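Here is a protein to look over. Some questions and answers about it follow.

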Amino acid sequence: ARGGGGLADVEEDPFAMLDRLYRMEGVKGKIEALQASFAVAEREGSERPTLGHFVLTGSPGTGKTTVARAITKILYDLKLLRSNRFEETSGLGLTGQFVGQTKTK
């Protein structure tokens, strides 16, 4: 079991922020699996695996942004991300002018 949920716990345990949220076992499991695959690749001297993308879905107000920020911080703290930059968008921010086109930045 992880810490008690105080600020010191968050600094020591990257997963402490998720531990305070409801039903995050699956998310934590996926992050731990990613961490293990990166550790194996490093130990074997092979190429780092692709981190991929995360898609969080749900109704408004269900904590998707909170979970995304927590995931970003955890992956950064575990040195699986080079930056802890978090970018929030919506479907409109991804849609281009024509069908099948993505929006340019």
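Q: Which helix gives the largest share of the lining of the second largest pocket?
A: Helix α4 (residues 64-77) does, in this predicted model. It supplies three residues.

Q: What makes a residue part of the lining of the second largest pocket?
A: A lining residue has an atom within 4 Å of a pocket point. Among those that line the second largest pocket are L21, M24, V55, L56, K64 and V67.

Q: How many residues of each class are in the lining of the second largest pocket?
A: Six are nonpolar, five polar and one charged. Gly counts as polar, so G58 and G63 of the lining go into that class. Lys counts as charged, so K64 does too.

Q: How much space lies in the second largest pocket?
A: About 190 Å³.

Q: What is the pattern of the protein along the sequence?
A: The pattern is α-α-α-α-α. The secondary structure comes to five helices and zero strands.

Q: Why is helix α1 called a helix?
A: A helix needs a DSSP run of at least four residues. Helix α1 covers residues 7-12, so the run meets that cut-off.

Q: What share of the protein counts as buried?
A: Of its 105 residues, 22% do. Buried means under 20% relative accessible area.

Q: How do you know where the predictor's confidence is lowest among the elements?
A: pLDDT is that confidence, from 0 to 100. Helix α1 has the lowest mean, 54, and helix α3 (residues 25-44) the highest, 93. Over residues 1-8 the pLDDT is below 50. The protein averages 83.

Definitions and conventions: Residues numbered from 1 in each chain as written. Predicted model: local features only at pLDDT ≥ 70, side-chain atom pairs only at ≥ 80, totals over all residues. Heavy atoms only, no water. 1 Å grid on protein atoms, 1.4 Å probe; cavity = no way out; pocket = protein on both sides within 12 Å on 5 of 7 lines; lining within 4 Å. Points joined across faces, edges and corners; volume = space filled by probe spheres on them. Helix = DSSP H or I, 4+ residues; strand = E, 2+ residues; numbered from the N terminus. Buried < 20%, exposed > 50% of the residue type's maximum accessible area, 1.4 Å probe, protein only. Contact = heavy atoms within 4.5 Å.
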